[in-house]
Amino acid sequence: MKAICFVKSVPDTETRVKLAGDRLDKSEIKYILNPYDEFAVEEAVRKKEAGIVDEIVVVSMGPARAQEAIRSALAMGADRGVHIEDDSLDGSDAYATAKVLVEALKKEGGLDTFQLLMFGQRAIDGDTWTVPSMVAEMLGIPSVCNIVKLDIDGNKAVAVRMVEGGEEVFEVELPAVFAGRKGLNEPRYPSLPNIMKAKRKPINKYTLADLGIDAGTVGKAGSFTEVLKYELPPARQAGRKVEGEPEEVVEELIKFLKEEAKVL
Amino acid sequence: MESLVILRVILAILAVGSAYVFVRRAKELISYLQICEKDPMDRTSNRDFRIKETLKYIFAQICSRKRPYTAVGIMHTVIFWGFMLLFPTAVEAVLRIIFPHFSFAFLGSFLYGLLTLLQDFFAAGVFIAIIAALIRRYVVKPERVENHWDAPVILGLIMGVVITFFGMNMGELRLGHEALRPISSLLLGIFGPSTETGAHALYATCWFLHTAILLVFLPLLLYSKHLHIIASWPNIYLQNLEGFKQFRMDFENTEFFGVNRVDQFSWKDLLDTYACTYCNRCTDLCPANKTGKPLKPGKMIQDLREILLEDAPKIMAAMKDGQKPSPEEEIEGVEPLVGRLLDKDAIWACTTCGACLHICPTRNEHPQKIIQLRRYLALMEGDIPEEMGLAFRNMENNFNPWGVGFAARADWAEGLDIPLMSEKGEAEYLLWVGCAGAYDDRYKKVMKALVEILKAAGVDFAILGTEEKCCGDSARRLGNEYLFEMLAMENVELLKSYNVKKVIVACPHGYHVLKHEYPQYGWEGEVWHHTEFILRLINEGRIKLKKGLALKTVYHDSCYLGRHNGIFDEPRKVLANVVPAEKLLEMPRNREISFCCGAGGGRMWLEETIGKRINVERTEEAINTGAELIVTACPFCLTMFDDGLKNKGKEEEIQLKDIAEIVREAME
């Protein structure tokens with residue numbers, strides 16, 4: 001069985017977001033492999049170590065820096081990479097992205113080749129949570145998202161999904177899409193020999209033309225949504241301390257809640 | 001006299017056998033060292049100093065009398081000197097196998113008289129010291145003393161040597177050989193023998209036994225912990241004179257990193273194991289061991305020796321054309337070191353505080369070996385505790401172990417009007433802020449105090465702002481040399497680009513790395529710890545302090561400032577300018593035997609789940625002095641005491657400050 005992991009290069013969680021006008025200022029951003037994708041890659045590697053999976057391919061769509069994210073996944077134990085890079089992809093929303101990922105999958109052999117399609121539950125930058133399900137829908141296969149456990153037995157998989165106040169257990173037939181979250185596993189810290197080896201692992205590069213995609217069907221033109229502008233959240237105001245005897249404090253607090261905060 | 005001939009023949013055979021076994025074993029021991037790796041340190045330059053150190057350690061025995069082991073050290077000093085003085089008698093005894101009347105009396109009555117006089121007193125001293133040693137070993141039984149077969153055997157043999165020494169002397173004195181031997185004469189007066197025949201018999205018996213014991217003793221040295229009698233000489237001569245540091249790795253041409261098989265250690269690492277005296281003072285002072293972690297540095301050295309003796313012949317047998325088997329190759333009967341020499345819990349328990357390094361009488365290097373095992377786990381296996389992986393990622397992505405965004409590194413300085421190197425171009429001093437100064441809310445206040453001191457003194461300085469990166473100390477001590485190298489190279493490039501020559505550092509870890517380890521990457525300069533620099537400012541009259549801080553104050557020595565860099569006096573002198581002498585207290589474990597706060601060696605970033613928390617142990621010690629103010633000079637120590645005081649519910653009662661804050665508050 002072969003596994004394919006879809007990953008994304010995203011700004012580090014600690015990035016101080018700066019704006020240039022109403023656009024993102026990307027000049028000082030440090031990019032990392034999307035932390036949720038690490039769960040996906042780790043799970044695939046564990047399945048390989050358990051002898052269930054025999055090859056792991058890592059796919060990423062994005063600018064040149066996406067290669068670093070692919071290398072990080074290769075250092076964790078994936079076998080080879082696929083990088084889709086094309087200027088026309090700029091502005092793609094979740095739907096357009098899913099379309100491109102599906103074409104890349106087909107280019108690499110499609111569902112005849114890959115039975116295990118792994119995602120992180122969400123990317124920490126766009127935060128749409130939707131790409132895994134869209135890919136599954138486009139391929140007409142099942143998807144189980146937010147999983148914390150994945151057992152594979154033959155062409156069946158049992159996945160445990162976190163829901164409000166409990167768990168859901170699904171049995172699905174492969175091929176299927178799974179999106180992992182915290183709790184699925186503990187992603188490894190790659191060893192140095194594996195980091196070195198990752199530098200020599202092959203990465204196939206595709207443009208839209210290679211995938212046979214018309215530029216007009218992706219990017220801004222092929223997207224249902226468009227980012228109009230970015231805004232920073234309002235700066236945090238200093239708190240106000242209410243002092244005095246309990247009765248006075250309560251009175252003042254109620255007054256504040258009624259008159260200023262207007263929540264009562 | 002015929003019986004003497006028989007005895008001489010027996011001893012001659014014994015002597016040949018003894019020499020044969022000795023030489024064979026010595027060759028074996030040396031050949032084991034030869035299959036080990038090269039040692040990265042320069043261990044031969046500075047010859048005169050090395051000779052002086054060796055003499056100081058061996059003849060003056062300063063090694064064995066370091067506190068808190070002064071009493072048992074005196075015992076050892078007496079045994080050592082008794083041994084040295086009895087050596088000429090040993091030579092006489094052995095040579096008498098061939099020349100029955102050989103004696104050093106030809107040295108002249110003064111020299112020989114002095115020798116015999118000293119011998120008598122020291123032999124008596126050894127007798128008493130051996131009894132003391134036996135009582136200590138089998139009655140008092142200090143925890144650190146582990147009784148192997150060899151201790152009683154060797155002590156018994158030494159006892160035999162001393163008793164037969166007196167017996168020979170008594171016999172000879174009775175037979176009219178005059179010698180200045182007051183104690184032997186006294187014993188002769190008490191115990192006889194009265195007849196000449198008896199004297200002959202006593203002499204012959206004692207000489208035979210004395211010589212026989214020596215001939216058994218000689219090869220036995222190489223099979224017991226008393227190998228230290230021989231191996232400590234080269235080990236002390238070849239000791240590390242460069243201070244505690246790790247060495248660069250060749251990432252380009254090597255594919256194996258760290259150590260997991262005995263021959264991957266350097267030959268000097270293994271010579272250490274030959275020199276070990278099994279005194280276990282290292283274990284006794286080890287903060288990890290003291291608080292119930294499964295790390296015993298002494299046992300590690302001793303087990304490493306056992307492993308070498310066991311594995312080396314198998315590794316040698318597996319060699320082809322003089323080439324050692326590759327690290328991946330399985331060698332029958334040779335198991336990996338991780339889990340065998342030390343368990344992972346023990347490997348991660350070391351704080352690299354260096355108490356073991358300080359106390360070791362034969363200058364063994366323990367933490368360096370542990371870090372080699374860590375390198376294997378971190379680099380080859382990626383087998384590290386979860387929280388350590390997080391710290392590594394933080395250092396990789398945001399260049400600080402806390403993981404706060406790198407763009408926020410200069411936020412602490414906002415509004416303080418501190419010049420940036422990138423704006424100013426150059427300054428006499430670079431203030432190396434360090435991750436704690438930049439990100440730790442408590443330490444930011446210390447940094448602010450330090451900045452105010454520097455400004456008040458008119459020091460020309462600047463900071464690197466967001467260009468500065470983690471110095472890499474924690475990464476290096478935790479074995480992630482690859483990460484350390486990336487950080488070190490980038491920092492060194494930066495230091496060079498601003499042509500930095502002088503640096504002030506508040507964190508002893510950054511201080512240590514910049515001073516001792518960045519030269520490996522091509523940057524060298526004057527590095528000042530803030531306590532050193534503040535003292536200089538006081539001495540030069542550039543800051544004036546009000547004396548009279550009326551709080552009972554105790555100073556805690558940071559390991560990387562004190563033991564690793566010898567800065568014990570500077571902080572105390574600074575404090576003496578602020579706190580009246582009668583208010584200055586000391587903890588029982590101070591200066592070079594200071595007890596670690598628990599955060600060194602990268603332990604700052606790891607959970608401490610086994611045994612008692614080290615910082616709690618140390619905080620209790622500080623509280624027990626009755627101090628109202630605890631002073632530190634290291635951000636890690638400050639954090640650990642902060643936690644410790646909270647753990648003991650004393651954070652309201654006892655103040656905790658960095659020395660820079662004390663000085664800032666005392667400035668006029």
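**Domain organisation of chain B and the contact between domains 3 and 4**

Of the 668 residues that make up chain B, 47% count as buried. The model is a predicted one, and its chain B contains 27 helices together with eight strands. Taken along the principal axes, the C-alpha atoms of chain B fill a box of roughly 100 × 65 × 45 Å. When contacts in chain B between residues at least 6 apart in sequence are considered, 80% of them join residues at least 24 apart.

Chain B is divided into four parts, in which domain 1 is assembled from two segments, 2–34 and 65–237, while domain 2 spans residues 262–381, domain 3 spans 398–539 and domain 4 spans 553–666. For domain 3 of chain B and domain 4 of chain B, the C-alpha centres lie 22 Å apart, and the contact between them involves 26 residues of domain 3 of chain B and 27 residues of domain 4 of chain B.

On the side of domain 3 of chain B that touches domain 4 of chain B, at least two residues each are supplied by helix H19 (441–456), helix H20 (473–477), helix H22 (508–517) and helix H23 (530–539) of chain B. The largest share of this side, amounting to eight residues, comes from H19(B). In composition, the residues with which domain 3 of chain B touches domain 4 of chain B divide into 14 that are nonpolar, six that are polar and six that are charged.

Technical notes:
Residues are numbered from 1 along each chain as its sequence is written. Chains are lettered from A and ligands numbered from 1 in the order in which they are written. This is a predicted model: local features need pLDDT of at least 70, side-chain atom pairs count only at pLDDT 80 or more; totals for chains, interfaces and linings use all residues. Domain bounds come from an automatic or database domain assignment. Two residues are in contact if their C-beta atoms, placed from the backbone, lie within 7 Å. Helices (H or I, at least four residues) and strands (E, at least two) are DSSP runs, numbered from the N terminus. Ala, Val, Leu, Ile, Met, Phe, Trp, Tyr, Cys and Pro count as nonpolar, Asp, Glu, Lys and Arg as charged, and the others, Gly among them, as polar. A residue is buried if 20 or more other C-beta atoms lie within 10 Å of its own, exposed if 12 or fewer, and partly exposed in between; C-beta atoms are placed from the backbone.
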